[in-house]
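This report goes through one protein structure and its bound ligand. Look over the sequence and the model before reading on.

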Amino acid sequence: MSVTIDLAGRTAFVTGSTRGIGRSIAETLHAAGANVAVVGRSKESADAVASAIGDRARGFACDVTDSASLRRAITACETSLGPIDILVNNAGITRDNLLIRLTEQDWGDVIAANLTAAFVSTQAVIKGMMKRRYGRIVNVASIVGITGNKGQANYAASKAGLIGFTKSVAKEYAGRGVLVNCVAPGFIDTDMTAALPEAARSALLEAIPLGRLGSPVDVAGAILFLASDLAAYVTGQTVIVDGGMTG
Ligand code: NDP
């Protein structure tokens, strides 16, 4: 018996794939044979990443907090690469502060990028997926959405919201062949965590049984699994990728 993951003929739309975890997701899905839409705020960097990935990848610019721009990018992707079979809602931001200092702007910006954008993109692709009776949606949450974290009330709320959203949409569309899951990364080495002071980084390492920060490809591997036929009986779940941190 041999097991292979073959996404040839599938089209994946990965938000926030110009850098970090999203870029690794785009590279991994492409390596498994999928056509891949690389999506970021700048057309120039989306195009540059897409051409570095290869000939089944194309760059699309959109700000996920602007619903019209997100819907336009989805339509442009479907015109150029084909109907979206795999949607990965990965774009995300932090605006960390203690609750007492958190502004409504910090709250709203994080909810818009991390949660509302996933609602908009999921709604935009779901009809097509239902018609074709096939779809894989993977939302990138965070362990912080499960455990909470000081200084991240807005971020944790957005990620916990994403987990609840995922479970609900999974139940609504399971009968139509659309599977919806989350991946919850722990601490992954990207621009988002680059600003961590050295002392905080060392304390974190102590708390991670596998003894290292995760790399983007660790997260991409879990997403590849959820996007593949190997995960045909998995929906509404959250796969934790945190080096054992949350136990
Ligand atoms: P990075 O900051 O390295 O990259 C963020 C990506 O999201 C970039 O491609 C960026 O595009 C894009 N993006 C941000 N805001 C928008 C927007 N408004 N519209 C379009 N694209 C946008 O983040 P990571 O790779 O670290 O994180 C990816 C996801 O993983 C996020 O959802 C994050 O919350 C989650 N996560 C990360 C963890 C970590 O430790 N790094 C841990 C747990 C979860 P652009 O190039 O245009 O800025």
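## A residue in a loop

Where does Arg133 lie? The model is predicted, and in it Arg133 is found in the loop that runs between helix H4 (104-132) and strand S5 (135-140). The phi angle of Arg133 is near 55°. This is a positive value, and the residue is not a glycine.

## The ligand and its surroundings

The ligand sits in the largest pocket. Three elements each give two or more residues to the shell around the ligand: helix H1 (20-31), helix H6 (153-173) and helix H7 (191-194). The largest share comes from H7, with 3 residues.

In total, 29 residues surround the ligand. The closest are Arg19, Arg41, Asn90, Tyr155 and Thr190. Sorted by type, the shell holds 12 nonpolar residues, 12 polar residues and 5 charged residues.

## Polar contacts of the ligand

Which residue has a side-chain N or O atom 2.5 Å from an oxygen atom of the ligand? That residue is Tyr155. Two other contacts involve the backbone of the protein. A polar backbone atom of Asn90 is 2.7 Å from an oxygen atom of the ligand, and for a polar backbone atom of Gly186 the distance to a ligand oxygen is 3.4 Å.

How much of the ligand's surface does the protein bury? Taken alone, the ligand exposes 900 Å², and the protein buries 93% of that.

## Salt bridges

How many salt bridges does the count come to? The count is 7. One salt bridge joins the side chains of Arg23 and Glu27, with a distance of 3.0 Å from N to O. Both Arg23 and Glu27 belong to helix H1. Arg23 and Glu27 are 4 residues apart, which is about one turn of the helix. Helix H1 (20-31) is also one of the elements that give two or more residues to the shell around the ligand.

How values were computed:
Residues are numbered from 1 along each chain as its sequence is written. This is a predicted model: local features need pLDDT of at least 70, side-chain atom pairs count only at pLDDT 80 or more; totals for chains, interfaces and linings use all residues. Side-chain values use heavy atoms; hydrogens and water are left out. A residue is near a molecule or strand if one of its heavy atoms lies within 4 Å of it. A polar contact is a pair of N or O atoms within 3.5 Å; within protein, one must be able to donate a hydrogen and the other to accept it, and residues adjacent in sequence count only if both atoms are side-chain atoms. Accessible areas come from the Shrake-Rupley method with a 1.4 Å probe; for residues, only the protein chains shown count as cover. On a 1 Å grid over the protein atoms alone, a cavity is a set of points where a 1.4 Å probe fits but cannot get out, and a pocket is an open set with protein on both sides within 12 Å along at least five of seven lines; lining residues have an atom within 4 Å of a point. A molecule sits in a cavity or pocket if more than half of its atoms lie within 2 Å of its grid points. Ala, Val, Leu, Ile, Met, Phe, Trp, Tyr, Cys and Pro count as nonpolar, Asp, Glu, Lys and Arg as charged, and the others, Gly among them, as polar. A salt bridge is a side-chain nitrogen of Lys or Arg within 4 Å of a carboxyl oxygen of Asp or Glu.
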